[in-house]
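Thank you all for coming; I would like to walk you through a structure that may be new to you, so please have a look at the sequence and the model before I go on.

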Amino acid sequence: MSNGNLHINFEKIPISIFASSEDASKSVAKEIADLIKLKQKEGKKAILGLATGSSPKKVYAELIRLHKQEGLSFKNVISFNLDEYYPMQPASPQSYHWFMKENLFDHVDIPKDSYFVPDGTIGMDTVKSYCAAYEKKINDLGGLDFQLLGIGRNGHIGFNEPGSHIDSLTRLITLDFTTRSDAGLDFGGLANVPRKAITLGIKKIMQAKRIVLIAWGEHKSPIIRQTVEGPVVEQIPASYLQGHPNAQIVMDESCAAGLSRRKTPWLFDSVEWDMPMIKKAVTNLALSLEKSVLMLTNEDYNENGLSELLARYGEAYDINIEVFNRIQHTITGWPGGKPNADDTHRPERANPARKRVLIFSPHPDDDIISMGGTFQRLVDQGHEVHVAYQTSGNIAVADDEALRFIEFVRDFNARFALHNEATDKMYFEANGFLEKKKKGEKDSEAVRAIKGLIRVSEAKNTCRFVGVPQENTHFLNMPFYETGMVQKKPLGEEDYTIVANVIREVKPHQIYAAGDLADPHGTHKVCLDAVIEALHRLKKEPFMKDCWTWLYKGAWAEWDIDLIEMAVPMSPDQVMRKRMGIFKHQSQKDGVVYQGTDAREFWQRAEDRNQATALLYNKLGLAEYAAMEAFVRLKI
Ligand code: F6R
C-alpha cells in the first residue's frame, strides 16, 4: 500500500492553533466581543457561560482592554459561571467569585445583578433545588449563547470529573485527585483544597449554542490529543464536545505538539522533507515499529505513509545511515567542546578549550536536577562555570523548616555567647507569625527572607559539591517572583536588567537555560522569557557572537528525541553522584510544599527521565548508557 499522501484526518473537533496563548486569547476575546456587539445591535442580551482557572485569564484581560480602550460595553451581558468550590465563602481569595471579580467583573461595566457564580455557601439540603434553579435561570433566558471552557488534565470540563454522564445535570460533585492536586498550588497545599464543588452539568454545557474550549501549554497536550483524536468516553468528559455541532478547541503551539498533525504531519499533507522533518519521521517510524533505525526497510517506509520520503532517497538504507549518523553525533561526553578534536560533527565547538559557562537555574535546584551530570562534567573538564539562580524559590520551603533554621541561629548565638537581641526578636516574630499562620496565608517578609536563605545555603552546598567557587554563584532574586504567593507578577524592566547584567558580567561562551514550556504560567517559562529578552537586548555586544545557548528541560518533561542536539551520557557512578548533588537540597526532600500529582522525589524524577532518554537512544540502535541529559540549542 502506498500512502505518500494519505491526508488522514484524525481530528474529530474543529481546532485552531496559535503561536502563543496571548494571540489565541485575543482571538477568543474578539469572538466574545463580536457576539456582545451583535446582540447589542439586535437589542438583545448576550448570555455567556464563563470559566475560571489559569487558562481564561488572558481572555479576560483582553476583554477588559477592549472595554477600557475600545469602548466595549458589558451592559447587555448576563453571565453564568461554570462552577464554585463547596463549601466556599465568596470573599475567600480562592473562591471563583473572587476570581471573577478580580479578573473581569470589577473592571468592566457588567451590572452587578447580571452575573451569577454558583453559591458555595448554601446548605447541603438546598443544593439540589439550588442547582435546578441555576439551570432554570439559564433556560428562562433562552440558554447560553456562548460557553467558554478550560480543560483539566483529567479531561474535566467545568468540574464534571471523569465518569460524568453526558446528560448529567448541575450538581454537587466530589473532586478527583488530579483536580485537587492541581488546585493545591492556590490553596497552599492539597490538604486545604475543598473536596467538593458545584458544577454546571454536561447537558447544560452541551446545550450552549457555541462552545470554545481553550488549552495552553505542554501539560495539557496529552489530554487535548485524547479529546480531539480519541473516542467519546465518559472517562474524558471533554470528548463529549465531539458531538456538539458548533464547538471548537483553541490552543497554543506547545499544547498542539501532541496532536498527530504535529507528531506525524506527513500523514496529513505533503511536507517539506528537510533534515529536522526526516529525523522526526525516521525516529517516529523506528520507535513505533520497535525497530532500530538501521533495521528499517523500504517496506516499513512504504507501509507507514513515508513513501514520498523513500522516493526522494531511493533506498531505506541511505535514509537510515544519514539519520543514524546525525543522532550519533548528538552524543558527547564533552558538553563544553572537546579540546584539540575535529568538531565538524560535534554539538559544541572545540575552541576556546576553556569556556566561560553560565547556567541559569530558575529555582535553586534546577541546575543539579535537570543537568547535574553535564554541570559536573563542565566543572571537571576545566571550564569556568557560573550559576545564576534566577528566583529565591522561597515559597517551596515548609514552615517548620524555616523554624528549625531560626532556632538554629538563636541556639548558635547562645552557645557561643553571641547573644544578639535582634536575633531573639526575629525568632519571636517569625515563630509567632508561623504559629498563628492560617492555611494558605502569605508569609511575612522576614519568614520569606529566611526561607530564601535556606535555599541559598542549599544551592551553595551543591556548588561546593560540584566544585564551583562561591564567587561564581549569582543569586538574582528576580523581583517578579517575590509575591509570597503562587501567583507571580509579570516580568518587569528590573528582571530583564538583572538577567542581562549577569550575562554581560560573565560574557559566557555557553549559556544553559531551562526551556520548559510545560506550564505557560510557570516560573520556568517566565525565567526563560527573561533570558531570551536579555539575549535580544545584548545581541550587539561583541562577546555575543561567540555565545551559544543550550536549553534543558525541567524535572518532568524531556525534549522529543528528534529535537535533541546534544545528549550527554552518564555512567552509573555519575548518576549516583548527581543524586548526591540533588540531596543537598534538603528542604525539597521527603515531600515538598507543592508536590503536585507526582509523588516521586526530585532525584527519582531526574533519574527516571535521564534513564528514559538513554533507553530511547538505545532503542534507536545507539550505544547503551545508564542515563543521558538532553539539550536543544536556542537560535536567536
Ligand atoms: C474552572 C473550570 C475547570 C478549569 C480546568 C482548567 O471554572 O471549570 O474546568 O477550566 O480545571 O484549569 P486551568 O485553566 O487552571 O488549567
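Where is glutamate 315 found? Let me say at once that we are looking at a predicted model, and that in this model glutamate 315 sits in the loop between helix 12 (307-313) and helix 13 (316-330). With a relative accessible area of 42%, glutamate 315 is partly exposed. If you then look for threonine 178, which is 137 residues apart from glutamate 315 along the chain, you will find that 48 Å separate the C-alpha atoms of the two.

Let me turn to the overall layout. The chain is divided into domain 1 (28-261), domain 2 (264-328) and domain 3 (356-400 + 445-634), and the centres of domain 1 and domain 3, taken over C-alpha atoms, are separated by 35 Å.

Next comes the interior. The largest nonpolar core has 64 residues, and those with the most contacts inside it are Trp273, Val282, Tyr301, Phe360, Val499, Ile503 and Tyr617. The most is given to this core by helix 19 (residues 523-538), with eight residues. Because domain 2 (264-328) and domain 3 (356-400 + 445-634) both give residues to this core, it lies between them. As a general remark, nonpolar side chains tend to be buried together in soluble globular proteins.

On the surface, there is also a nonpolar patch of about 480 Å², made by Phe408, Val409, Phe412, Phe416 and Leu418. Of these, let me pick out valine 409, whose place is in helix 15 (residues 399-415), and which is partly exposed, with a relative accessible area of 39%.

Now to the charged pairs. How many salt bridges does the structure hold? The structure holds 38 of them, and I will show you three. In one, the side chains of glutamate 31 and arginine 210 meet at 2.6 Å, N to O. This pair links distant parts of the chain, 179 residues apart, with glutamate 31 in helix 1 (residues 21-41) and arginine 210 in the loop between helix 6 (202-206) and strand 9 (211-215). Glutamate 31 counts as partly exposed, at 27% relative accessibility, while arginine 210, at 13%, counts as buried.

Another salt bridge joins the side chains of arginine 65 and glutamate 62, at 3.0 Å, N to O. Because these two are three residues apart in helix 2 (residues 57-70), about one helical turn separates them. Here arginine 65 is partly exposed, at 28% relative accessibility, and glutamate 62 is buried, with a relative accessible area of 9%.

The remaining example is the salt bridge between the side chains of aspartate 399 and lysine 451, at 2.7 Å, N to O. Aspartate 399 lies in helix 15 and lysine 451 in helix 17 (residues 445-466), so the pair ties together parts that are 52 residues apart in sequence. Salt bridges that share partners join Asp399, Lys437, Asp443 and Lys451 into one network. Within that network, lysine 451 is buried, with a relative accessible area of 2%, whereas aspartate 399 is partly exposed, at 26%.

Finally, the cysteines. Why does cysteine 527 form no bond with cysteine 463? Cysteine 463 holds the closest cysteine sulfur, but it is 16 Å from the sulfur of cysteine 527, which is too far for a bond, given that a disulfide needs the two sulfur atoms within 2.5 Å. Cysteine 527 counts as buried, at 1% relative accessibility, and for the structure the count comes to zero disulfides.

Notes: Residues are numbered from 1 along each chain as its sequence is written. This is a predicted model: local features need pLDDT of at least 70, side-chain atom pairs count only at pLDDT 80 or more; totals for chains, interfaces and linings use all residues. Side-chain values use heavy atoms; hydrogens and water are left out. Buried means under 20% relative accessible area, exposed over 50%, partly exposed in between (1.4 Å probe, protein chains only). Patches are made of residues with over 30% relative accessible area and no salt bridge: like charges are joined within 9 Å, nonpolar side chains (Val, Leu, Ile, Met, Phe, Trp, Tyr) within 5 Å. Accessible areas come from the Shrake-Rupley method with a 1.4 Å probe; for residues, only the protein chains shown count as cover. A salt bridge is a side-chain nitrogen of Lys or Arg within 4 Å of a carboxyl oxygen of Asp or Glu. Helices (H or I, at least four residues) and strands (E, at least two) are DSSP runs, numbered from the N terminus. A nonpolar core is a set of buried Ala, Val, Leu, Ile, Met, Phe, Trp, Tyr and Cys residues joined through side-chain atoms within 4.5 Å. Domain bounds come from an automatic or database domain assignment.
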